[in-house]
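Trainee: Could you take me through one part of this model in close detail? I'd like to begin at a single residue and work outwards to whatever surrounds it.

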Amino acid sequence: MQKKKKHGIAYIRSTLSNTIITVTDYKGDTKTWSSSGSLGFKGSRRSTNYAAQATAENAARTAIQLGIKSVEVEIKGLGYGKESSLRGLRLGGLIITKIRDVTPTPHNGCRPPKKRRV
């Protein structure tokens, strides 16, 4: 009997000050997570491309130890670490099957304030 390869979903949240990566199974149960701050990056170094790549490699290594071989990736945010974190997941040993950008975009915005009375 052949062992079935496990698939998961990697959620990348890349903000202007941090990069957070969560790896879940298909049910949505969190298997592992990692962030730039938890790896010891402080201050402005947390928002760099290198910090995002190191975060992704760390999350990928622990996901592989838990048996996850391939992931679908959902990226959200406007930070600098979007492409670097994808590179880090590949370097960590995960196979990326699908990439989706789920960054929310405003389509009409908020209602403007009333005109000032004189």
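Mentor: Happy to! Let's begin with Thr55, which sits in helix α1. This is a predicted model, so please read every value below as computed from predicted coordinates.

Thr55 has a relative accessibility of 0%, and because buried means under 20%, it counts as buried. What does Thr55 touch, leaving aside its neighbours within four places in sequence? The residues in contact with it are Thr19, Ile21, Ser34, Ser35, Ser36 and Leu39. Take Thr19 from that list: it is 36 residues away from Thr55 in sequence, yet the two C-alpha atoms are 7.5 Å apart in space. The side chain of Thr55 also has a partner within the helix region of the chain: one of its polar atoms lies 2.7 Å from the backbone oxygen of Ala51.

Now turn the view around and look from Ser35, one of the residues that Thr55 contacts. Ser35 belongs to strand β3. With a relative accessibility of 9%, Ser35 is buried as well. Its contacts, again without neighbours up to four places away in sequence, are Asn18, Thr19, Ile20 and Thr55. Thr19 therefore appears in both lists, as a contact of Thr55 and as a contact of Ser35, where the cut-off is heavy atoms within 4.5 Å.

Step back to the helix as a whole. Helix α1 covers residues 49-65 and lies across β2 (19-24), β3 and β4. It runs at about 15 degrees to β2. On the other side of the story is helix α2, residues 82-92, which packs on the sheet and touches β1, β2, β4 and β5. The direction of α2 makes about 160 degrees with that of β5.

What do these helices rest on? The sheet is open and mixed in its pairing, with 5 strands in the order β3-β2-β1-β4-β5. β3 (30-35) and β5 (95-101) are at the edges; each has a single partner strand, so one side of each lacks a neighbour in the sheet. From one strand to the next, the twist averages 20 degrees.

Let's follow the pairings of β1 inside that sheet. Strand β1 (residues 6-14) pairs with strand β4 (residues 68-76) in the parallel sense, over 8 bridges. Along this pairing, Gly8 stands opposite Val71, and Ile9 stands opposite Glu72. With β2, strand β1 pairs in the antiparallel sense over 6 bridges. These two strands form a hairpin with 4 residues between them. Here Ile12 stands opposite Ile21 in β2, and Ile21 brings us back to our starting point, as it is one of the contacts of Thr55.

The edge strand β3 deserves a second visit, this time at Lys31. Is Lys31 buried, exposed or partly exposed? Its relative accessible area is 39%, so Lys31 is partly exposed. Not counting residues up to four places away in sequence, Lys31 touches Val23, Thr24, Asp25, Leu66 and Ile68. For Lys31 and Ile68, the separation is 37 residues in sequence and 9.2 Å from C-alpha to C-alpha.

There is also an aromatic detail to look at. The count of aromatic pairs comes to 1. That pair is Phe41 with Tyr50, arranged edge-to-face, with 6.0 Å centre to centre and 80 degrees between the planes. Phe41 is buried, at a relative accessible area of 10%, whereas Tyr50 is exposed, at 58%.

Finally, let's place all this in the whole chain. The protein has 2 helices and 5 strands, and from the N terminus on they run β-β-β-α-β-α-β. Of its 118 residues, 37% count as buried, Thr55 and Ser35 among them. Contacts between residues at least 6 apart in sequence join residues at least 24 apart in 64% of cases. As for overall dimensions, the radius of gyration is 18 Å, while a compact globule of 118 residues would have one near 13 Å. Along the principal axes, the C-alpha atoms fill a box of roughly 80 × 35 × 20 Å.

Key:
Residues numbered from 1 in each chain as written. Predicted model: local features only at pLDDT ≥ 70, side-chain atom pairs only at ≥ 80, totals over all residues. Heavy atoms only, no water. Pairing = 2+ DSSP bridges. Axes fitted to C-alpha atoms, helices over the stretch in contact; angles between N-to-C directions. Buried < 20%, exposed > 50% of the residue type's maximum accessible area, 1.4 Å probe, protein only. Polar contact = N/O pair within 3.5 Å; in protein donor to acceptor, adjacent residues only side chain to side chain. Phe/Tyr/Trp six-rings, centres within 6.5 Å; stacked < 30°, edge-to-face > 60°. Rg over C-alpha atoms; globule rule 2.2 N^0.38 Å.
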